[in-house]
Amino acid sequence: ARLTARAEKRIMAAAASSVSFRAAVAPRAVSSSRARVAAAAVDVETRAAGKPLPDGRKLRVAVIGGGPAGACAAETLAKGGCETFLIERKMDNCKPCGGAIPLCMVGEFDLPEEIIDRKVTKMKMISPSNRAVDVGQTLNDKEYIGMCRREVMDDFLRKRAKSLGTNLVNGLFMKLEDPGQGNGAITIHYNDYEADSKVGEPKTMEVDCIIGADGANSRVAKNIDAGEYDYAIAFQERIKIPDEKMEYYKDLAEMYVGDDVSPDFYGWVFPKYDHVAVGTGTVVNKTAIKTYQAAMRKRAEEKCAGGKIIRVEAHPIPEHPRPRRVQGRVTLVGDAAGYVTKCSGEGIYFAAKSGRMAAEAVVERSENGTKEVDESDLRLYLDKWDRKYWATYKVLDILQKVFYRSNPAREAFVEMCADEYVQKMTFDSYLYKTVVPGNPLDDMKLLGNTVASIVRANALRAAGKSQVNV
């Protein structure tokens with residue numbers, strides 16, 4: 001639908017004031033309804049803890065899904081005194097994921113350098129007309145974006161959780177039966193594959209609480225009627241390229257925009273240990289994903305010439321949080337909850353962070369696993385999460401609507417990325433997930449440049465439409 005002039009101005013202003021992504025990490029004062037959420041959170045924090053568990057036993061928590069969200073949740077629960085079960089079916093899962101992690105995650109989650117394949121210090125933003133802008137000029141010699149293979153990082157996180165006391169179960173979650181608070185334990189039905197059999201053995205497990213971290217197709221979410229969300233299809237090919245070509249990508253990542261590679265997202269070439277990951281994604285035209293991937297290979301063919309595809313991957317990626325993320329003694333984290341940002345498509349950090357925050361709420365409210373928890377306790381995590389990151393998702397949603405809607409808008413977006421101030425504010429906010437104070441004069445200049453870029457983009461789009469009509 002065509003935007004009204006007033007709506008267009010509002011979106012332009014919002015995008016201009018936040019193009020540096022500072023707004024994406026800065027909580028903002030919002031409506032009175034959000035104020036009521038904050039008040040409810042205070043009430044949760046001050047409410048008395050639940051009943052002591054019988055026979056002095058520890059709180060039993062099942063975490064479904066062993067990716068970054070589930071593994072970080074399990075680690076926090078085990079360290080916090082809860083009896084923890086981490087159920088994961090594919091222990092060698094290779095999720096189709098760009099694998100980029102911000103620098104702050106390395107320290108915050110104590111990640112060893114061994115799991116980081118490449119330290120990217122340079123990026124190229126490539127427009128529909130193949131104009132390339134070098135990004136990353138403001139990074140110092142200690143700053144980088146980490147590039148990981150998910151099968152390596154996820155395995156490390158699961159093993160660390162296990163070393164801290166988590167019970168790691170090779171199983172497939174099937175369903176849950178929750179009799180309700182005060183009416184007994186939650187029963188989990190799952191297929192156990194511990195014996196390395198192709199056909200799992202049906203088993204049950206009784207727990208006091210569940211954290212669903214089982215991805216975009218979450219069965220836990222379906223069991224609690226969490227509601228649907230729109231999703232993107234991510235398609236990625238891992239390509240082994242000649243050594244001299246790999247040298248070009250040793251510390252460089254590329255992002256391509258254009259209608260040819262995606263109508264509403266971007267394509268990428270990210271370096272891994274001994275290959276590159278070439279991929280793209282889309283929400284609005286999922287059936288054409290292979291066409292977009294072919295175009296992505298075409299755009300990068302010269303730099304990947306002589307390469308051999310060694311793995312092809314595809315997976316759904318959530319586009320917004322689910323309508324319901326807590327129900328009774330069950331809560332959702334990571335992709336299962338819908339925590340992937342628009343525009344940038346970032347999900348790994350937010351998955352790990354949400355898993356940790358949910359587990360911290362359980363540990364806190366159960367007094368280190370000694371007391372029962374209920375829905376109000378789990379909402380402590382949800383309220384903190386929304387207060388901390390609501391603005392992030394909202395702003396990136398606006399940016400995607402503004403800059404990914406047409407090729408002229410994408411050209412304007414790449415043009416803005418050439419600005420050193422934009423690069424500094426963007427990278428500082430991304431790498432450290434914190435508010436970066438800006439220079440008022442530079443902010444005003446950025447505002448003017450952003451509006452000018454969008455105006456030019458709109459004029460080019462209008463001219464293009466006029467030529468088509470003629």
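Is K124 buried or exposed, and what is its relative accessible area? K124 is buried, with a relative accessible area of 19%; buried means under 20%, exposed over 50%, and partly exposed in between (1.4 Å probe, protein chains only). This is a predicted model, where local features need pLDDT of at least 70, side-chain atom pairs count only at pLDDT 80 or more, and totals for chains, interfaces and linings use all residues. Residues are numbered from 1 along each chain as its sequence is written, and side-chain values use heavy atoms, with hydrogens and water left out.

**The whole chain**

- The chain holds 15 helices and 18 strands. Helices (H or I, at least four residues) and strands (E, at least two) are DSSP runs, numbered from the N terminus.
- Of its 470 residues, 54% count as buried.
- The accessible surface is about 20,700 Å², and 52% of that belongs to carbon and sulfur atoms. Such areas come from the Shrake-Rupley method with a 1.4 Å probe; for residues, only the protein chains shown count as cover.
- Take the contacts (heavy atoms within 4.5 Å) with a separation of 6 or more: residues 24 or more positions apart account for 74% of them.

**Confidence**

- The mean pLDDT of the chain is 86, and 84% of its residues reach 70 or more. pLDDT is the predictor's confidence in each residue, from 0 to 100.
- Over residues 1-46, pLDDT stays under 50. The model has 78 contacts beyond four places in sequence for this stretch.
- Where pLDDT is low, the predicted coordinates should not be read in detail.

**Helix 9**

- The buried residues of helix 9 (residues 289-299) are I289, Y292, Q293, A295, M296 and R299.
- Seen down the helix axis, these buried residues fall within an arc of 160°, so they line one face of helix 9. The arc is that of the directions from the helix axis to the C-beta atoms.
- On the other side of helix 9, K290, T291 and K298 are exposed.
- The buried residues of helix 9 pack against five strands' worth of partners, including strand 5 (122-126), strand 12 (231-240) and strand 15 (276-282).

**Salt bridges**

- A search of the whole structure finds 34 salt bridges. Each is a side-chain nitrogen of Lys or Arg within 4 Å of a carboxyl oxygen of Asp or Glu.
- K124 pairs with D134 in one of them, at 2.5 Å from N to O. The pair links distant parts of the chain: D134 is in strand 6 (residues 132-135) and K124 in strand 5, 10 residues apart. D134 is partly exposed, at 43% relative accessible area.
- D154 and R150 form another, with their closest N and O atoms 3.1 Å apart. Both lie in helix 6 (residues 150-163), 4 residues apart, about one turn of the helix. Both are buried.
- K342 and D397 meet at 3.2 Å, N to O. K342 is in the loop between helix 10 (334-337) and helix 11 (348-365), while D397 is in helix 12 (residues 375-403).
- E151, R238, R311 and E313 are linked in a network of salt bridges.

**Two single residues**

- R410 lies in helix 13 (residues 407-417). R410 counts as buried, at 1% relative accessibility. Leaving out residues up to four places away in sequence, R410 touches ten residues' worth of neighbours, among them P128, V257 and D259.
- K79 sits in helix 4 (residues 68-79). K79 is exposed, with a relative accessible area of 54%. The C-alpha atoms of K79 and T166 are separated by 8.9 Å, though the two residues are 87 apart along the chain.
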